[in-house]
Amino acid sequence: MSPETKPDFLISPEGLRVDGRRPDELRPVELKVGVLKQADGSASIRQGKTYIIAAVYGPRELHPRHLTLNDRAYLRVEYRMATFSVPDRKRPAPSRREKEISMVIANALKPALFLEEFPKAVVDVFIQVIQADGGTRCAAINAASLALADAGIPMRSLIPAVAVGKADGQLIVDLGDEEDKYGQGDVPMAIIPTTEELTLLQQDGSFNREELQEAMQMGINACKYLHELQKESLRRAYVKKSPEDMDDEDDDEDDDDFDDDMETDLGEAELMEDE
Ligand code: CDP
């Protein structure tokens, strides 16, 4: 790691974080669907400075065959960090951390998918971290879930994910890299928004029972907000692709309404009704 100094405080006397956010405020989030031509489904996410692309191929024939599951498709997730994604060059060989995160992401996504509809096949999810600035496993889940929807994989729901942590004794949502490194703990989580069923829950650092309960509630609120952004990004991709909208495209100056730079202030979130 390149030399980096620990900030004097992670929460200012005014109660704000190193990047000026309030404790329950997410970083700016930009989601795009259908960003790659070759993949069956794809999506990208910018969450603060974290930037990730997810590509889905399949369902397709599974190689090597000994991995075949007779009653469902195999969900194969590969999370990788580009060599240039972190301050120090990341060695290109898959690390133990990357293998663990790949498994954790697969487990977080699986409960939402109807994999039993494609016995013996594979659904491949490739996740490439272009720039890492904290929260990559959760941002990867947000993008991968959208890429799976874009590939037309049948699903119960999109899966949103976020990490809640603790810094200077204060619970905070969506940790940046400094908060991750110098904070007191980190609880990455993913949910099925309709049922609030957890599909990912990890913990690093120590939290007492009350803190953990509050952290989970903050995480659920943030996930529900991220879910709205996910649905909105799908709509944006598909509304543009429908034939009527193609006709209207020339005179559709109002596309600016769908500006990518979305408001991510939880306090001011305008949540859409669930369809
Ligand atoms: O990214 P996430 O918080 O899900 O996972 P982590 O293992 O807790 O890593 C935290 C952060 O450390 C990453 O997001 C990166 O910004 C950074 N990191 C790094 O700089 N170099 C690595 N080889 C691995 C992680």
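Which residues is A54 in contact with, leaving aside its neighbours within four places in sequence? The legends below start from there, and they describe a predicted model.

**Figure 1. A54 and its surroundings in strand β3.** Setting aside neighbours within four places in sequence, A54 is in contact with S42, A43, V125, I127, A140, A143, A144 and A147. A54 counts as buried because 30 C-beta neighbours lie inside 10 Å, where 20 or more are needed for that label. Look also for F126: the C-alpha atoms of A54 and F126 are 5.6 Å apart in space, although 72 residues apart in sequence. One of the contacts of A54, A144, will turn up again in the next view, where A144 belongs to the α2 side of a helix pair.

**Figure 2. Helices α1 and α2 packed together.** Here helix α1 covers residues 96–109 and helix α2 covers residues 136–150. Their axes are 10 Å apart and make an angle of about 50 degrees. That angle is why α1 is described as oblique to α2. As for handedness, α1 and α2 cross in a right-handed way. The α1 side of the contact is formed by I101, V104, I105, A108 and L109, and these meet R137, A140, I141, A144, S145 and L148 from α2. Sorted by class, the contact of α1 with α2 comprises nine nonpolar residues, one polar residue and one charged residue.

**Figure 3. The shell around the ligand.** Which residues should you find around the ligand? They are V86, K90, R97, A132, D133, G134, G135, T136, R137, D177, D180 and P188. Two elements, α2 and α3 (177–182), each give two or more residues to this shell. By class, the shell is made up of six charged, three polar and three nonpolar residues. R137 is worth a second look, as R137 is listed around the ligand and also among the α2 residues that meet α1.

**Figure 4. Q47 in strand β2.** Strand β2 takes in residues 41–47, and Q47 is a good place to pause in it. Is Q47 buried or exposed? Q47 is buried, since 27 other C-beta atoms lie within 10 Å. Beyond neighbours within four places in sequence, Q47 is in contact with R27, V29, G135 and A139. G135, in turn, is one of the residues around the ligand. The C-alpha atoms of Q47 and E30 are separated by 6.6 Å, with their positions 17 residues apart along the chain.

**Figure 5. L75 in strand β4.** Strand β4 runs over residues 74–81 and contains L75. L75 is buried because 23 other C-beta atoms sit within 10 Å. Apart from neighbours within four places in sequence, L75 is in contact with A106, L109, K110, L113, L115, V123 and V125. L109 is also one of the α1 residues that meet α2, and V125 also appears among the contacts of A54. From C-alpha to C-alpha, L75 and V122 are 6.0 Å apart, while in sequence they are 47 residues apart.

**Figure 6. Two cis peptide bonds, G58–P59 and H63–P64.** Most peptide bonds are trans, which gives this view its interest. Omega is about 0 degrees for the cis bond joining G58 and P59, and about -5 degrees for the cis bond joining H63 and P64. Where are the two prolines placed? P59 is in strand β3, residues 50–61, whereas P64 is in the loop between β3 and β4.

**Figure 7. Positive phi at D168 and E196.** For residues other than glycine, phi is mostly negative. D168 has a positive phi near 50 degrees, and E196 has one of about 65 degrees. D168 lies in the loop between β6 (161–167) and β7 (170–173). E196 lies in the loop between β8 (185–192) and β9 (197–201). D168 counts as partly exposed, with 15 C-beta neighbours inside 10 Å, while E196 is exposed, with 12 other C-beta atoms within 10 Å.

**Figure 8. The whole chain, for context.** Stepping back, the chain has ten strands and five helices. Of its 275 residues, 42% count as buried. Among contacts between residues at least 6 apart in sequence, 72% join residues at least 24 apart.

Key: Residues are numbered from 1 along each chain as its sequence is written. This is a predicted model: local features need pLDDT of at least 70, side-chain atom pairs count only at pLDDT 80 or more; totals for chains, interfaces and linings use all residues. Axes are lines fitted to C-alpha atoms, for helices over the stretch in contact, and angles run from 0 to 180 degrees between N-to-C directions. Helices (H or I, at least four residues) and strands (E, at least two) are DSSP runs, numbered from the N terminus. Angles under 35 degrees count as roughly parallel, over 145 as roughly antiparallel, 65 to 115 as roughly perpendicular and the rest as oblique. A crossing is left-handed if the near helix is turned anticlockwise from the far one by less than a right angle, and right-handed if clockwise. Two residues are in contact if their C-beta atoms, placed from the backbone, lie within 7 Å. Ala, Val, Leu, Ile, Met, Phe, Trp, Tyr, Cys and Pro count as nonpolar, Asp, Glu, Lys and Arg as charged, and the others, Gly among them, as polar. A residue is near a molecule or strand if its C-beta atom, placed from the backbone, lies within 6 Å of it.
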